[in-house]
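Biologist: I am new to this structure and would like a close look at a single part. Please take me through the cysteines and the places around the ligands.

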Amino acid sequence: MSELLLPPELEREMAAVYAELARAYEVVASALGLSCSGCPDNCCDSWFFHYTYCEWAYLWQGLKQLDGATLAAIHARAEAYLGAAHKAEAAGQRPRLLCPLNEGGLCRLYRHRLLICRSHGVPATLAGPDGRMRRFPGCFRCQELVAGSFGEPAQAPAMERTVLFRRLALVEQRLLGPDRRSYPRLRLTIADMIVQGPPQRQ
Ligand code: SF4
Ligand code: SF4
């Protein structure tokens, strides 16, 4: 097996999707007055999964730029994270653990963070496979702002995720190519992605 590397044109497309997402996020956040600054919560301890090989490869592009000592420290934190997560799950609890890439409240790989990290916070809409539009209310701070300014949550501005998610799905298809059905479905935490190393071709 060899490493599944992102060709430059797919890397550029991912950067363009992320840039467009950042722009759309900012429009909604500004309209609502939402900022993470001074927030008592830290969303980087949320328990969530990632599902695409292209994001895994993109994350590793960033990890490879780190010096050896920093990468080793992140790897050690990722292993500790997985150990603690397994313990919590064995006890029937949902893990709540700080992401191994978070250092002092900041993301160590900000430019290479994943889609869910970039889109969490503001209200959002997303069309499902059946075409029905689903609406997400945003983080707790955002919901407080919406409740204070809008009669109904649906009246608040929302970031439309569908087109951006489809563009990312196309990157995934192009990366895996005609053999994509031989790739196992992913459901990985960031810690899994770090400990398992870069994604491999099947
Ligand atoms: S996304 Fe929301 S809950 Fe998370 S840090 Fe920002 S303001 Fe706080
Ligand atoms: S990758 Fe960065 S932004 Fe995402 S959870 Fe980890 S530290 Fe937070």
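How many disulfides does the count come to?

Modeller: The count comes to zero disulfides. Keep in mind that this is a predicted model.

Start with ligand 1. Cysteines appear in its surroundings: Cys36, Cys39, Cys43 and Cys139 are among the residues there. Leu34, Ser35 and Asp41 also surround ligand 1. So do His120, Gly121, Phe140 and Arg141. By class, this shell has six nonpolar residues, three polar ones and two charged ones. Take Cys139 from that list. Its relative accessibility is 13%, so cysteine 139 counts as buried, because buried means under 20%.

Now ligand 2. Its surroundings include Cys44, Cys99, Cys107 and Cys117. Phe48, Leu101, Asn102, Arg113 and Ile190 are there as well. This shell divides into seven nonpolar residues, one polar and one charged. Cysteine 44 has 31% relative accessibility, so it counts as partly exposed.

Leu101 links this site to another part of the picture. Leu101 is around ligand 2, and Leu101 is also in the largest nonpolar core. That core has 52 residues. Leu101 is one of those that touch the most other members, along with Leu6, Met14, Tyr53, Leu59, Leu63 and Leu175. Several elements give two or more residues to this core: α1 (8-32), α2 (53-63), α3 (68-90), α5 (140-149), α6 (162-176) and α7 (190-196). The most come from α1, with 10 residues.

Tyr53 deserves a stop of its own. Leaving out residues up to four places away in sequence, tyrosine 53 touches Leu4, Glu172, Leu175 and Leu176. Tyr183, Pro184, Leu186 and Pro199 are touched by tyrosine 53 too.

Last, step back to the whole chain. The protein chain has seven helices and five strands. From the N terminus on, they run α-α-α-β-β-α-β-β-α-β-α-α. The radius of gyration is 18 Å, close to the 17 Å that the globule rule gives for 202 residues, so the protein chain is as compact as a globular protein of that length. Along the principal axes, the C-alpha atoms fill a box of roughly 55 × 40 × 35 Å. Of the 202 residues, 42% count as buried. Contacts reach across the sequence as well. Among those between residues at least 6 apart in sequence, 78% join residues at least 24 apart.

Notes
Residues are numbered from 1 along each chain as its sequence is written. Chains are lettered from A and ligands numbered from 1 in the order in which they are written. This is a predicted model: local features need pLDDT of at least 70, side-chain atom pairs count only at pLDDT 80 or more; totals for chains, interfaces and linings use all residues. Side-chain values use heavy atoms; hydrogens and water are left out. A residue is near a molecule or strand if one of its heavy atoms lies within 4 Å of it. Ala, Val, Leu, Ile, Met, Phe, Trp, Tyr, Cys and Pro count as nonpolar, Asp, Glu, Lys and Arg as charged, and the others, Gly among them, as polar. A nonpolar core is a set of buried Ala, Val, Leu, Ile, Met, Phe, Trp, Tyr and Cys residues joined through side-chain atoms within 4.5 Å. Buried means under 20% relative accessible area, exposed over 50%, partly exposed in between (1.4 Å probe, protein chains only). Helices (H or I, at least four residues) and strands (E, at least two) are DSSP runs, numbered from the N terminus. Contact means heavy atoms within 4.5 Å. A disulfide is a pair of cysteine sulfur atoms within 2.5 Å. The radius of gyration is taken over C-alpha atoms; the globule rule is 2.2 Å times the number of residues to the power 0.38.
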